[in-house]
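I opened this notebook page to record, entry by entry, what I looked up in the structure. The topics are charged side chains, a helix face and backbone geometry.

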Amino acid sequence: MELKDYKPGDEVQILELFELAFNRKMSLEHWNWRFAKNPAGNHLIKLMWDNDLLVGHYAVSPLFVDVNGIKTLTAHSLTTMTHPSYGGKGIFKTLSLALYNDLDTIHGCKAVWGFPNNNSHYGFIKSLGWSDLAVIHTLAVKPDVLNPKATHEIKLNELIKFDESHSEYIKSKLSDFPVKVDRSKDYLNWRYFEKPGNQYKIFEIQEPTKTIIVSKIYPSSVSGEWDINLIELFTDDFNYLPSILKAIQESYNLPIQRITTWRNLFDNNHINLEKLGFYPNLPQTYIGARIHSDMPKSFNNFQNWSLSMGDSDVF
């Protein structure tokens, strides 16, 4: 077997391996969006070949994170996969360590981080030098708890593109956090308007309180009903949130089982969501990181992080 860097054209076999490994397809359009059109950079991929057969793959996606006010290049850990006939040969570890070395020595990437699932978490921690940052709980509320608190008329403005003013507003809401993904205008448009396959609704509310929400629906655990994921949530006053979320529910015109979001327990607004009836619920998600070089200690302390569902590639 031979370890190689990605070269143009390899995406054909990468997509074939993806279907073998996960029993579902990734479109070429989605692959190009994530790995070729990322505004932070592209093609940080290591491949393992057995002659002409692709048997292993590990990819990360470049991501700028604001750490103590400095725009810092990191990498978001994404797709690890091994051909079903080649398990137990150490391919995952070999690819990962080779890629991490390049990230540090060639690309100047100071950390790789992400959300290991239950199958990969043990390997990341035990074999690849990752450290756990936290377990993130999902906050959830049922409409019959939230809606009685909706007492204000809300006019929703659905955005078709982020501009600089939206980015600046979002950054102002994150200014107290030493660690957060750099939500530039280019990043926001790439992440939410250019991503194929997922349909987001992005709302801006001016009155009675400035608010920006990125939302998405997902089939709930109750047949025929839906969850609304609040992928991003920024508001000046949480007291108006029940009315805003009721208006968003009505815009979907579907039976809604839950409204869910992520919020760091150490975020002061976590308690504001609790006051409205949001409570910890499943699913829970690991977040971890592997520090490469010269990263401030604040990055290792999850109390410093602002985190949203949008920081995960799952949503």
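Before reading any accessibility value I wrote down the cut-offs: a residue is buried under 20% relative accessible area, exposed over 50%, and partly exposed in between. I also noted that this is a predicted model.

**Entry on salt bridges**

I began with the total, and the structure holds 11 salt bridges. I then looked up several of them in turn.

The pair of aspartate 267 and arginine 263 is one of them, with the closest N and O atoms 3.2 Å apart. Aspartate 267 has a relative accessible area of 7%, so I entered it as buried. Arginine 263 also counts as buried, at 11% relative accessibility.

For aspartate 10 and lysine 7, I found that the side chains meet in a salt bridge with an N to O distance of 3.1 Å. Here aspartate 10 is buried, at 6% relative accessible area, whereas lysine 7 is partly exposed, at 46%.

Next I looked up the salt bridge of aspartate 236 with lysine 173, in which the closest N and O atoms are 2.9 Å apart. This pair links distant parts of the chain, since aspartate 236 sits in the loop between strand 11 (226-235) and helix 8 (241-252), while lysine 173 belongs to helix 6, 63 residues apart. Aspartate 236 is partly exposed, with a relative accessible area of 44%, and lysine 173 is partly exposed as well, with 30%.

I also noted a network of salt bridges that links Asp5, Lys46 and Asp102.

**Entry on a charged surface patch**

Which residues form the negative surface patch? I listed Asp163, Glu164, Glu168, Asp186 and Glu194. Of these I followed up glutamate 168, which I located in helix 6 (residues 164-173). Its relative accessible area is 43%, so I entered glutamate 168 as partly exposed.

**Entry on helix 9**

In helix 9 (residues 269-276) I found His270, Leu273 and Leu276 buried. They lie on the same side of helix 9, because they cover an arc of only 120° around the axis. On the face of helix 9 turned away from this buried side I noted the exposed residues Ile271 and Lys275.

**Entry on backbone geometry**

As background for this entry, I reminded myself that most residues other than glycine have a negative phi, and that most peptide bonds are trans.

I looked up two cis peptide bonds. One joins glutamate 207 and proline 208, with omega about 5°, and proline 208 is placed in the loop between strand 9 (201-205) and strand 10 (211-219). The other runs from leucine 282 to proline 283, with omega near 5°, and I found proline 283 in strand 13 (residues 279-291).

I then turned to positive phi values. Asparagine 23 has a positive phi of about 60° although it is not a glycine, and I placed asparagine 23 in the loop between helix 1 (11-22) and helix 2 (28-36). With 73% relative accessibility, asparagine 23 counts as exposed. Asparagine 253, likewise a residue other than glycine, has a positive phi near 55°, and I found it in the loop between helix 8 and strand 12 (256-261). Its relative accessibility is 69%, so I entered asparagine 253 as exposed.

Methods:
Residues are numbered from 1 along each chain as its sequence is written. This is a predicted model: local features need pLDDT of at least 70, side-chain atom pairs count only at pLDDT 80 or more; totals for chains, interfaces and linings use all residues. Side-chain values use heavy atoms; hydrogens and water are left out. Patches are made of residues with over 30% relative accessible area and no salt bridge: like charges are joined within 9 Å, nonpolar side chains (Val, Leu, Ile, Met, Phe, Trp, Tyr) within 5 Å. Accessible areas come from the Shrake-Rupley method with a 1.4 Å probe; for residues, only the protein chains shown count as cover. A salt bridge is a side-chain nitrogen of Lys or Arg within 4 Å of a carboxyl oxygen of Asp or Glu. Lys and Arg count as positive and Asp and Glu as negative; His and the chain ends are not counted. The place of a charge is taken as NZ of Lys, CZ of Arg, CG of Asp or CD of Glu. Helices (H or I, at least four residues) and strands (E, at least two) are DSSP runs, numbered from the N terminus. Buried means under 20% relative accessible area, exposed over 50%, partly exposed in between (1.4 Å probe, protein chains only). The arc is that of the directions from the helix axis to the C-beta atoms.
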